[in-house]
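Please load the model in your viewer and keep the sequence panel open beside it. The stops below say what to select next and what is to be found there.

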Amino acid sequence: MSREKQERIARETREIYAPIANRLGIQWMKVELEDLAFRYLEPDDYQDLTAKMEGTQAGRDVYIAEVCKELHHVLAAASIPAQVSGRAKSFWSINQKMKRTGRELEQVYDIVAFRIITETVQNCYAALGIVHSNWMPVPGRFKDYIALPKPNLYQSLHTTVIGPGADRMEVQIRTPEMHRTAEQGIAAHWQYKEPTVLGTGDRQAFAWLHQLMEWQRDLKDPTEFIQTVKIDLFQEEVFVFTPKGDVKALPKGATPIDFAYAVHSKVGDHCSGARVNGVMVPLRYPLRNGDTVDIITSNAQKPSKDWLKFVVTSSAQTKIRHHLRNEQRERSRRLGRDVLARELRNHHHSLVTAEKERLLDKAAAALRLSSADDLIVHVGYGKITPEQAYAAIYPQFQPSDATSENPPAASVEASAHARRLTKRSVGGVRVQGEADIVVRFAKCCSPVPGDHIVAFISRGRGVIVHTLSCPKALNLDPARRVEVSWDEDTRMLRPVAVEVISTDRPGILAAISKCFTEFGVNIIQAKCKTTEDRRGINTFQVTVNHVDQLKKVVRALQGIDGVTSAERQ
């Protein structure tokens, strides 16, 4: 496939499918998908890492065999029957660790993980004691996922110790049943019986899966569905209580508003305040494990657009957006009726009469809208002018274009289309095929030529262009969306921010600046600072003529010695 398609599919895999595999608990699939995405999104880093890993394979195999033998020996001496195995971690996880720590492969110690599988939970904890008594545990590197399983049902004991040769090694300890769950995830727990006889634990474990199905059914906008999946499925959870003692599981960072919508949509819509553990708190307060939350409601309270800035659950976001869109639609309906009624009066007609004679329905069909109500709303939004609406309602009163003095409609349309094609656009963007419409570019996402874009009509500001993946675009009413495309004939430079994180070493800024220059990218502003751990955080405002130019320079920046990450902001 083309490089563009490879990157698009790989990015979709990394952002959506690998996390879904993780949420399903299917570890082998998550690892494989992440490594495949790594191979196509960062091919140079991938090739470099695989070459280095192959070069150290023989020594690593010897080390794994020796440690497995020693682990087996100490467990057998304590009469703990167990299977012991070792493996290198996935390429993607090793690469992430190298970037996080700013180290080379030779300096990353715990790239090998060992697994102990024993029959009972009691043996798991006994094996942990044996490991800690033979090798020094690393402080803060012990996690008990047996007592506190992950949301995807995963259970194991994890510890990191200073093993043979003074190397760090990670040890995972689990039972055979836990191992099946770790590899097969939800499939290992699935029960082939009627939903009515599923146990309470089963229903809680699979509640998120039912939620996913509901989102797929309810959310018509695919962009919003993907954003919803990203937000809700891949976060850690906090468990909070209602005043009656019922438990609600919410994503980490959830607020009282999220809790209110988890209780009921009406409770969320009318939420005016909240008490947490008996104390009044702001609605943006982040809930913590064990909090008891009491929601205060008022019939006068309605969802606010400001709530979207701090709620984290997609169910709350979806319901807030739905309410706001309904309000916007109602305002546009009232405005559209007033504007259309005035236009018809100017031509000695009545809107009420036109509605009774069902002329608005015919006009809506002619304009390819679903109903008369849609026609009125579109007039209110400004997507259809009052003159266009009048012409569709009373086409018999429009000037005839069939006379010999005027060319046929088809030729008029064809010549207009030809003029549109030859006329260069004002801002490098065509709006519904038209070139002479002024647009504004959203500052939140700074679209550049080549990006997938979407535009919305904004009262008082005209047409605002966003990137298709911009989170703020999701908050806007789809009814206000207009079709836009980049004008290939108009070459323009667009500003965009690039953040480069690097080690703090002499000459690093010169190397970064030279890289921008080599790709013809101009730096118009730069902000550089150094953190306490001697990392450089550099934000560059640059101008590019196409997203491909931006991608090339970002890839080149990532290859500079000392640069740990480079990405578009």
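Which residue just after helix 21 takes a positive phi? Select Gly 520, which has a phi of about 70°. This is a predicted model, in which local features need pLDDT of at least 70 and side-chain atom pairs count only at pLDDT 80 or more, while totals for chains, interfaces and linings use all residues. Residues are numbered from 1 along each chain as its sequence is written, and side-chain values use heavy atoms, with hydrogens and water left out. Helices (H or I, at least four residues) and strands (E, at least two) are DSSP runs, numbered from the N terminus.

**Helix 21 and its sheet**

Step back from Gly 520 to helix 21 itself, residues 508-518, and colour Ile 508, Ile 512, Cys 515 and Phe 516, which are its buried residues (buried means under 20% relative accessible area, exposed over 50%, and partly exposed in between, with a 1.4 Å probe and protein chains only). Viewed down the helix axis, these buried residues fall within an arc of 100°, so they line one face of helix 21; the arc is that of the directions from the helix axis to the C-beta atoms. Ala 510, Lys 514, Thr 517 and Glu 518, on the other side of helix 21, are exposed.

Now add what covers the buried residues, which includes helix 22 together with strands 18, 19, 20 and 21. The four strands form an open sheet in the order 19-20-18-21 with antiparallel pairing, where two strands pair if DSSP finds at least two bridges between them. Strand 19 (522-530) and strand 21 (563-568) are the edges, each pairing on one side only, and the twist averages 15° from one strand to the next. Axes here are lines fitted to C-alpha atoms, for helices over the stretch in contact (heavy atoms within 4.5 Å), and angles run from 0 to 180 degrees between N-to-C directions.

Helix 21 lies across strands 18, 19, 20 and 21, running at about 20° to strand 20 (535-544). Helix 22 (residues 547-558) also packs on the sheet, touching strands 18, 20 and 21, and its direction makes about 170° with that of strand 21. Next, select strand 18 (residues 494-503), which is joined to strand 21 by five bridges, and find Glu 499, which stands opposite Glu 567 in strand 21.

**Strand 15 and the cysteines**

Move to strand 15 (residues 462-467), where five of the six residues are buried. Strand 15 pairs with strand 13 (residues 439-441) in the parallel sense over three bridges, and with strand 14 (residues 453-458) in the antiparallel sense over six. Pick Ile 464 in strand 15: Arg 440 is its bridge partner, and Phe 456 stands opposite it as well.

Then select Cys 444, which is partly exposed with a relative accessible area of 38%. Its sulfur is 3.5 Å from the closest cysteine sulfur, in Cys 470, which is too far for a bond. A search of the whole structure finds zero disulfides, a disulfide being a pair of cysteine sulfur atoms within 2.5 Å.

**The largest nonpolar core**

Finish at the largest nonpolar core, which has 35 residues; such a core is a set of buried Ala, Val, Leu, Ile, Met, Phe, Trp, Tyr and Cys residues joined through side-chain atoms within 4.5 Å. Helix 4 (57-77) is among the elements that give two or more residues to this core, and helix 4 gives the most, with seven. Leaving aside neighbours within four places in sequence, Leu 71 is in contact with Val 84, Phe 114, Ile 116, Val 131 and Trp 135.
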